[in-house]
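Reader: Hello! I am new to protein structures and would love a close look at a single part of this one. Could you take me through how two of its helices pack together?

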Amino acid sequence: MKRFNFTGRKKILKDDIKVKLRDDMDKRPVVDVRIDLSDYEFPGQAKVIIEAEHKTRFMRIDLGSVHPIVIQNGIVLDRFDDAENLQFRIKVVDVENGGLLFGIANKIKPYDKDDNPDTNSKSILPVESKDLISYGVLWRIDWSNDSVVLQVERELGSKDQVVRSLTFKSFIFPAAVHQILRKIVNDGWDSDLSDTDELQTQWILFAQQLGAGLPDPSKDADNEDWIESTIRLFMQKLNVRNNLLEDVMERGLK
C-alpha cells in the first residue's frame, strides 16, 4: 500500500465534508461525496482521496484533482457487505512527488438518506448479512456470546437495503422480536431489572419504555399477551401498517 508523507499537513474540517449513503443500494453500500476545499488553498495538482474502512476492510478511491468543490456520486463500496460502522478518511496528496500529504480529515461518519448524521448507535437487535444456505431459511436468530443477532440471507441484498424494506419491517422483524421475547420470558429474567448490561433486562426495559409494562414473573405465566402488546406498540411506533398499505395501494396490488 502506498504511504504518504504527513509533513506540513492541514486539518480539513468535518463541516466541509459530506459523505451520504444512498437509499437505492443493490449488493453493496453506495455513497455520494461532497467536499468543500475552497478555503484551504491546496495546490491544483494535488489529488483528493477518500478512504473507507471498518475493522480489517479498507478501500481507497481517487476523487480526482483539487477543486474548490469536489463532488463524486454513486461510489460503490464493493469491499463492504453493508454500511454499519463505516468510517471515512479524506486526504489531499501530491501523488507525483513522494505522496506529500497536504490535508487530512479522519473519522468521518456518513449521513443517512434523510441527510441526518449516522451515529452508528448500537441497536437492541443488531442485524448482519449471512450465508444461510445451510439452514435453509432467509433469516434466523443467532444466540451466541451472550448476545442476540438477527441474521438475514446475504443473497437478499445489502443489510442496509434489507432492514429498510417494508418486507423486513412488516414480516421479518416482528417475527424475530416475538421469538426473542418468547425465549426471554421462558428462560427467566431478573424481575428487579438490576443489571442493565444483561440482555434480558435490556429487552424488558425496551418493552416497558414502549408502554407494554412488565411481563408476569411467575413460572407458569404464558405472557403471550405481553409479547403481542410489545410488538403491536413497536409496529405502531414505526407506522409499519400504514406504510405497507400505502405501498400496496401505490403498486396496485390489492
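**Where two helices cross**

Author: The crossing of helix H3 with helix H4 is left-handed. Keep in mind as you look that this is a predicted model. To find the pair, follow the chain to residues 199-210 for H3 and residues 224-238 for H4; their axes come within 9 Å and cross at roughly 60°. Those values are a handy pair to note, because two packed helices are described by the angle between their axes and the distance between the axes.

Now zoom in on the side that each helix turns to the other. H3 brings Ile204, Phe206, Ala207 and Leu210 to the contact, and there they meet Trp226, Thr230, Leu233, Phe234 and Lys237 of H4. Sorted by character, the residues of this contact are 7 nonpolar, 1 polar and 1 charged.

How far can you trust the picture? Across the protein chain the mean pLDDT is 86, with 90% of the residues at 70 or more. Among the elements of the chain, the lowest mean pLDDT, 80, belongs to helix H1 (residues 159-164), while strand E6 (residues 69-76) has the highest, 95. Where pLDDT is low, the predicted coordinates should not be read in detail.

Since E6 has come up, here is its setting: it belongs to an open, antiparallel sheet of 3 strands, in the order E2-E3-E6. E2 (17-21) and E6 are at the edges with a single partner strand each, so one side of each has no neighbour in the sheet. The partner of E6 is E3 (residues 30-36), joined to E6 by 6 bridges, and one bridge to look for pairs Val33 with Gln72 in E6.

Definitions and conventions: Residues numbered from 1 in each chain as written. Predicted model: local features only at pLDDT ≥ 70, side-chain atom pairs only at ≥ 80, totals over all residues. Heavy atoms only, no water. Axes fitted to C-alpha atoms, helices over the stretch in contact; angles between N-to-C directions. Helix = DSSP H or I, 4+ residues; strand = E, 2+ residues; numbered from the N terminus. Left-handed = near helix turned anticlockwise from the far one by under 90°. Contact = heavy atoms within 4.5 Å. Nonpolar A, V, L, I, M, F, W, Y, C, P; charged D, E, K, R; others polar. pLDDT = per-residue confidence, 0-100. Pairing = 2+ DSSP bridges.
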